[in-house]
Amino acid sequence: MKKLWLFVIALGLAVVAVVSAQKSFLPPLPKNTKVSITFYNYNLASAGIGAEGTKQLIAEFQEANPNISVEGVPAPSNEILGRLQADVVAGRTPDLAQIVFADYEFAINNLGVKPLEDLISERELQTHYVGLHPRGLALARLNGKTYGLPYVFSTPVLFYNADVFKAAGLDPNRPPRSWAEVKKYALQIKAKANKAGVYVALHGAFDWMYQSLLLSNGGRVLSEDRKRLSFADAPALEAVRMLRDLVSAGAHPNVAPSDAQSAMAAGNLGMYLQTSALQNYLLNASKDKFELRSAKMPSFGTKTVYPVNSGSGVFILAKDPLKQRAAWELMKFLTSKRGYTIITSKIGYVPLRPDIVKDPAYLKPWADANPLIKPNLEQLDRLSPWVPIPGQNYKQITKIMMDALDQSVFGDGDVDDTMKAASVRASSLMPNQ
Amino acid sequence: MFPSSTKLEPANIKTSDTPSGFGGVGNIAGHVLLIALSVLALFPVYWMIVTSLRPANDIFSSSLIPTSASLENYRTVWSTIPIARMLLNTFTMSVLLTLSQLLTAILCAYAFARWTFFADKFLLGLFALTWLVPFQVTMIPNYVLISSFGWLDTMTAIVVPQFASAFAVMLLFQSLKAFPPELIDAARIDGANDWLILWRVIVPNLRASLASLAILLFISAWNEYFWPLLVTRNLENAVVQIGLQMFLTQEGDLWGPLMAAATFASLPILLLYVVLQKQIIESFMKSGIR
Amino acid sequence: MNHAVLRVNQPPSTKRRKSFAALATPYLYLLPALLTIAIWVYKPLLQTLELSFFDWNLLPTSPKVFVGWQNFSRIFELPEVHQALWNTLIYILGIIPMAVVLPLVVAILTEHIQGRARNIYRALVFVPMMMAPVVVAIIWRWLLNPVQGIAFEVFKTIQLEPINFLRDERWAIWTIVFITGWKLIGFSTLIFSAAIANVDRSYLEAARLDGATEWQITRRITLPLISPTVFFITMLTVLLGSQWSFAYINVLTQGGPRNATTNIYHLLYEFGFGSFAIGWSSAAAIVLFTGFGVLAFVGLKLMNKYAIYET
């Protein structure tokens with residue numbers, strides 16, 4: 001009898017221990033404990049402002065947290081997930097990773113990314129969230145949990161060459177607002193200024209701008225319950241037909257995205273809908289050559305425009321509590337006022353803490369000198385998250401979809417048929433409901 | 001795998017003293033063809049260098065001769081990536097790979113050429129077959145293995161998986177097969193054992209072909225890209241080819257610095273080629289190296 | 001064939017009573033190289049064979065499910081694979097003119113060009129061989145840039161509609177074939193020149209004395225005599241040509257536009273590192289290895305049967 005009691009008590013204690021273990025959040029780092037963490041980052045993988053800004057972020061963080069050392073691991077954005085997986089397979093779990101929003105659901109399900117709510121106390125989270133734009137916070141939220149914090153991201157912006165506008169007899173102070181206007185302007189640019197009209201940079205491996213375009217016409221790539229692909233539904237098809245029309249009318253050149261970028265940089269393109277992250281690159285290229293300006297993403301008639309973000313969040317992959325804590329500290333710094341000041345002014349992404357634009361201690365001086373940031377900030381209030389495609393085959397699905405889009409816009413064949421056929425094929429790769 | 005009619009050694013190039021084969025017309029056609037081919041071969045390299053010398057706002061210019069040469073792009077490369085360090089790494093890697101691949105190939109080819117032993121044909125076949133195993137197959141497992149050894153980001157990770165080269169083994173095997181047996185007999189009579197025969201008789205006599213093989217191995221090591229890219233993390237430990245990728249950025253391709261970096265990456269090997277051009281071509285001509 | 005000359009002179013007596021040390025000697029010499037390929041080539045290959053029967057993404061958290069031949073049947077159903085196989089064939093056949101035919105013609109035509117000129121030509125055409133594939137890819141991307149590239153300027157000058165070489169489905173694959181070939185022309189030309197130079201002059205003189213024309217000599221004597229080399233280069237191109245194009249695909253098109261330039265190697269890379277569809281990529285790799293293995297075997301047999309050796 002006594003034994004049984006002991007057993008029950010032990011069991012009870014064990015249960016309490018388990019429950020409280022689940023409830024216990026990461027304690028602050030003990031003093032005098034050195035922790036080193038890895039930070040997988042794609043900005044580090046390219047020379048220039050992205051890497052410089054990131055290095056500065058890491059350096060400032062280490063200075064403020066002398067007991068944490070951060071090893072930046074560079075990997076190109078389209079390969080960063082492969083690198084993360086390979087290292088998880090090899091038993092070298094990365095600690096903190098910059099993950100493109102298209103990939104983060106896969107990372108949650110396969111690489112053991114835990115919701116922040118499981119690691120950090122509600123109070124600490126809320127304290128940090130103050131000042132963060134709620135639309136931004138929603139970007140890494142899935143099924144009611146926050147898995148990471150948005151890090152570097154941007155929105156689609158219509159860059160335009162004011163000199164080309166003037167040469168075409170257009171008023172640079174009145175950029176086009178709707179797609180119909182874009183077409184008219186582009187044709188005029190082509191006819192009068194003898195330059196390419198407009199390029200919509202939605203082709204490539206990632207579908208964020210495509211999602212934005214569909215949303216702005218009342219369509220979606222993925223149904224709201226995340227179970228069905230809806231990129232071949234009527235509003236979506238209509239949006240793609242609009243692009244096809246731009247190309248067939250000669251308003252939009254048929255070139256690769258990277259070439260369009262060079263064209264814009266060289267002053268040979270009138271309008272360019274692209275991530276705002278390109279701003280610094282284009283500004284440098286336009287120096288002494290032409291005047292670069294930017295406007296908000298154009299609309300379908302009078303419909304509301306829904307800008308979708310590109311970019312990435314930061315996610316904790318570490319298993320060890322000390323490293324988790326250190327990773328969280330770094331994460332907090334990256335998304336702090338100081339962090340976003342560096343991110344915006346040095347790298348050129350949207351500040352997720354919009355208040356700092358008015359704060360002279362942070363971004364105000366820079367924002368005053370860089371009016372191009374404005375359309376980007378205004379779009380933040382209507383920001384819609386870049387929705388990840390679910391399941392193990394999400395990359396193939398995205399590829400099928402983007403190939404079909406490319407074919408529809410630039411190739412021959414019927415737009416509707418192409419997109420519908422792709423939808424059938426891609427749907428067979430969706431996870432079972 | 002190798003046509004046995006081509007021999008690495010001895011060199012028996014005969015220069016024809018007969019008059020031109022297809023008459024004067026053929027000769028002119030030949031010159032025209034070769035000039036066209038030379039231009040085709042050289043122009044892209046020339047264009048790379050010319051572009052690298054153009055300032056940023058003149059980068060898209062298409063004048064054949066740079067009107068305003070500037071070293072701005074080289075400065076950019078110099079200040080954004082540790083290019084000197086990378087060149088040194090590349091050099092170290094190439095030397096290590098060349099030496100290890102030469103050594104393993106000498107030993108291997110000697111064994112195959114000298115003795116008949118159990119499974120010799122099979123093992124030789126295994127070497128030849130490695131050419132058919134694509135890098136894409138071994139990439140992930142080898143990455144995982146390297147990573148679990150804790151070798152990531154080290155020279156060891158780059159060098160060890162390529163410690164031996166099937167190409168070098170096969171090539172040396174060909175020349176060893178054609179090695180004059182009398183020399184070995186003489187050595188044996190002098191009481192030399194297998195090991196001494198290899199190092200005192202065969203290797204000195206194969207110096208010329210070993211040198212040309214070394215040059216080839218060095219060039220191919222210098223141009224390595226995908227594997228070093230996979231196993232290095234820190235630019236301080238990277239090879240120069242990887243530096244190129246840094247300029248194909250998210251924020252736009254930086255053509256000027258990119259071309260300057262490409263020139264940095266190719267210049268040492270091109271200089272080596274200019275200096276050793278005669279020997280390289282000769283060794284190719286002699287050996288029929290593939 | 002003078003196979004294994006070194007062996008002939010071994011005293012026959014040692015053959016019968018070989019000590020263990022003697023038996024082990026050749027293997028000791030082989031050991032370093034053999035270990036290297038065993039660990040870094042054949043072990044992963046065997047692993048790949050195993051994984052081709054499983055549905056698994058290598059992650060410790062996900063289950064490793066045995067699926068039998070399903071990966072194999074699945075990959076043959078994928079349109080991407082069909083396209084990739086077809087493109088692989090185009091790469092192989094497309095590279096041959098530049099890696100074999102053109103160099104052979106050049107080598108024959110230039111056979112009699114002498115002295116300095118010849119050395120200069122040889123040195124120049126060989127330059128592309130020195131360049132790293134990645135550098136080559138980047139340079140060509142720059143040259144062919146459809147908006148500002150030099151190729152575009154050329155089209156503008158001759159008033160033709162510019163071709164979008166890397167973007168147009170009709171041109172993209174041929175562009176990559178061309179770039180792959182560009183790097184190989186000089187190399188093959190040299191090899192063929194060497195082979196021609198090595199042809200015994202006495203045959204040619206004899207034919208000339210008999211009144212044969214130069215064309216007859218080329219066709220009846222030179223070509224047959226260098227046939228092993230031609231055969232060899234052809235085989236090398238067939239077996240490795242599409243593998244060589246990988247670097248260019250990877251840097252220039254990533255398989256696009258719309259899979260027009262993908263080949264089986266690029267697909268392996270995409271399946272493997274891109275989406276970690278390890279089962280698929282392993283199955284594709286095994287099919288590939290077997291296919292090219294058979295091709296190599298048949299090629300070797302043909303070579304030994306039909307090639308004419310000058311001995």
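This is a short walk through a structure with several chains, beginning with chain A and ending with chain C. Keep in mind as you look around that this is a predicted model.

Let us start with how chain A is divided. Its domain assignment gives domain 1, made of residues 29–153 together with 310–380, and domain 2, made of 156–308 together with 391–427. The C-alpha centres of domain 1 and domain 2 of chain A are 28 Å apart. Where the two meet, 13 residues of domain 1 of chain A are in contact with 16 residues of domain 2 of chain A. On the domain 1 side of this contact, helix H17 of chain A (residues 373–380) provides the largest share, four residues. Sorted by class, that side of domain 1 of chain A has seven nonpolar, five polar and one charged residues.

Now find the open sheet of five strands in chain A, which follows the order S2-S1-S3-S11-S6 and has mixed pairing. Which strands stand at its edges? They are strand S2 (68–74) and strand S6 (148–150) of chain A; each has a single partner strand, so one side of each is left without a neighbour in the sheet. From one strand to the next, the twist averages 25 degrees. To see one pairing in detail, look at S6(A) and strand S11 of chain A (residues 312–316), which pair in the antiparallel sense over three bridges. Here Leu149(A) has Val314(A) in S11(A) as its bridge partner.

Helices lie against these strands as well. Helix H14 of chain A (residues 321–334) packs on the sheet and touches S1, S2, strand S3 (96–100), S6 and S11 of chain A. The direction of H14 of chain A makes about 55 degrees with that of S1(A). Helix H2 of chain A (residues 49–64) lies across strand S1 (35–41) and S2 of chain A, and runs at about 165 degrees to S2(A).

Another strand of chain A deserves a stop: S9, residues 269–275. Is strand S9 of chain A largely enclosed or exposed? Seven of the seven residues of strand S9 of chain A are buried, so this strand is largely enclosed by the rest of the structure. Strand S7 of chain A (residues 156–161) is joined to S9(A) by five bridges, and the two run antiparallel. In that pairing, Val157(A) has Gln274(A) as its bridge partner in S9(A). Strand S8 of chain A (residues 196–200) is joined to S9(A) by four bridges, and these two run parallel. There, the partner of Tyr199(A) in S9(A) is Tyr272(A).

Let us move on to chains B and C. Their contact takes 90 residues from chain B and 86 residues from chain C. Several helices of chain B give two or more residues to the side that touches chain C, among them H3 (83–114), H7 (166–177) and H13 (255–287). H1(B) gives the most to this side, with 16 residues. The residues on the side of chain B that touches chain C divide into 59 nonpolar, 25 polar and six charged.

Finally, take in chain C as a whole. Its secondary structure comes to 15 helices and two strands. How does the spread of chain C relate to that of a compact globule? The radius of gyration of chain C is 25 Å, well over the 19 Å that the globule rule gives for 311 residues, so chain C is more spread out than a compact globule. Along the principal axes, its C-alpha atoms fill a box of roughly 80 × 75 × 30 Å. Of the 311 residues of chain C, 49% count as buried.

Terms used
Residues numbered from 1 in each chain as written. Chains lettered and ligands numbered in written order. Predicted model: local features only at pLDDT ≥ 70, side-chain atom pairs only at ≥ 80, totals over all residues. Buried ≥ 20, exposed ≤ 12 C-beta atoms within 10 Å, placed from the backbone. Pairing = 2+ DSSP bridges. Contact = placed C-beta atoms within 7 Å. Nonpolar A, V, L, I, M, F, W, Y, C, P; charged D, E, K, R; others polar. Domains from an automatic or database assignment. Axes fitted to C-alpha atoms, helices over the stretch in contact; angles between N-to-C directions. Rg over C-alpha atoms; globule rule 2.2 N^0.38 Å.
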